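Trainee: Could we go through this structure together, starting from the sheet and moving on to what packs around it?

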Amino acid sequence: MLSLVVGTGRCGSTLVQEVLSRHPAVGFVSGLDDKLARLNPKGRFNGALYRRSAPRPAGMTSLRHSRRLVERGRLRVAPSEAYHLLDRQVLAGFSRPCRDLVAEDLTPFVARRLRAFFDERIARQGCQQLVQHVTGWPRTGLLHAAYPELRVVNVVRDGRAVANSWLQMGWWDGWRGPDNWIYGPLPSDLREEWVESGRSFQVLAALGWKMLMDAFAQARLRHPAGQWLDVRYEDLVEQPREQVGRMLDFLGLSWSATFEKGFSRYDFTMGRAEAYRDELSPAQLAAIERVLEKPLAEWGYPV
């Protein structure tokens with residue numbers, strides 16, 4: 001069965017994906033598979049190799065944007081979004097669509113390629129669940145159209161923390177403006193908010209989170225309710241055993257002794273959960289909170 005861990009990016013979804021992938025019944029596409037996209041590897045030994053490795057060091061980003069030449073934990077087989085591989089083997093625009101990919105975007109040709117891509121890996125890895133990591137636009141509509149039993153774990157994080165983190169990432173292309181960035185043009189109401197802010201980049205990052213969160217809300221409405229689970233990152237780090245248990249139950253997996261061994265290697269801490277308060281000026285934070293007041297309140301984040 002195929003399941004997804006999704007999120008806006010910089011939201012804690014990588015942590016969730018990696019923790020779930022410690023389960024012996026879970027398979028995944030690895031970063032090594034992605035780098036060998038031309039060979040289209042199926043990852044037969046991904047799980048066995050990954051479960052012997054240490055957890056991902058906190059703060060690690062992609063090799064392309066790493067500030068260090070040598071980095072502990074860089075050389076390992078670990079879960080990946082595998083966008084190079086998906087673009088090459090399934091749909092050329094999967095990694096960088098200008099809007100969400102929905103059921104209506106699935107052609108019979110793409111459906112066959114999508115099923116072949118994941119079914120071959122499920123068979124080769126012999127896993128009960130193949131968990132794929134997706135960030136940015138949800139894309140759940142497209143994938144659900146091909147896999148009606150698709151289960152989705154949606155990881156949500158405080159939009160102020162996400163916006164602040166985006167601004168520090170080498171891949172964030174908001175500096176080029178919303179007519180040139182990865183997410184496509186802003187809706188007219190959000191563009192008006194951006195212009196009123198003086199075209200603030202901090203506000204643009206916040207509006208990007210707001211736009212994606214609206215897309216996730218729409219995707220959730222179209223998805224079978226029993227096949228969608230929202231998890232707040234802040235709840236995960238405060239109650240890791242409870243929240244991970246919820247996710248395992250949702251995916252139909254038991255908390256085995258093997259999984260306990262992998263889970264116990266993780267140190268769940270709040271860490272940089274509110275770093276945005278120190279890394280943004282009071283005026284910048286106030287501007288972000290003005291445009292995010294409603295969605296933050298809806299997700300239980302006090303302003």
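The questions and answers below concern a predicted model.

Trainee: In what order do the five strands of the open sheet lie?

Mentor: Strands of a sheet pair through backbone hydrogen bonds, either parallel or antiparallel. Here the pairing is parallel, and the edge strands, each pairing on one side only, are S2 (26-27) and S5 (228-232). Read across the open sheet, the order is S2-S3-S1-S4-S5.

Trainee: Which residue in S5 stands opposite valine 153?

Mentor: Strand S4, residues 151-156, runs parallel to S5 and is joined to it by five bridges. Across from valine 153, the residue standing in S5 is leucine 229.

Trainee: What angle does the direction of helix H11 make with that of S5?

Mentor: Helix H5 (residues 108-125) lies across S1, S2 and S3, and runs at about 135° to S3. Helix H11 (residues 240-251) also packs on the sheet, where it touches S1, S3, S4 and S5. The angle between the direction of H11 and that of S5 is about 170°.

Trainee: Which helix gives the most to the largest nonpolar core?

Mentor: That core has 61 residues, and those with the most contacts inside it include Val153, Val244 and Met247. Leaving aside residues up to four places away in sequence, methionine 247 touches Val16, Leu20, Val153, Leu229, Val231 and Leu236. Another core, of 31 residues, lies apart from the largest one, and among its members are Ala82 and Leu142. With ten residues, the helix that gives the most to the largest core is H9 (residues 201-222).

Terms used. Residues are numbered from 1 along each chain as its sequence is written. This is a predicted model: local features need pLDDT of at least 70, side-chain atom pairs count only at pLDDT 80 or more; totals for chains, interfaces and linings use all residues. Side-chain values use heavy atoms; hydrogens and water are left out. Two strands pair if DSSP finds at least two bridges between them. Helices (H or I, at least four residues) and strands (E, at least two) are DSSP runs, numbered from the N terminus. Contact means heavy atoms within 4.5 Å. Axes are lines fitted to C-alpha atoms, for helices over the stretch in contact, and angles run from 0 to 180 degrees between N-to-C directions. A nonpolar core is a set of buried Ala, Val, Leu, Ile, Met, Phe, Trp, Tyr and Cys residues joined through side-chain atoms within 4.5 Å. Buried means under 20% relative accessible area, exposed over 50%, partly exposed in between (1.4 Å probe, protein chains only).
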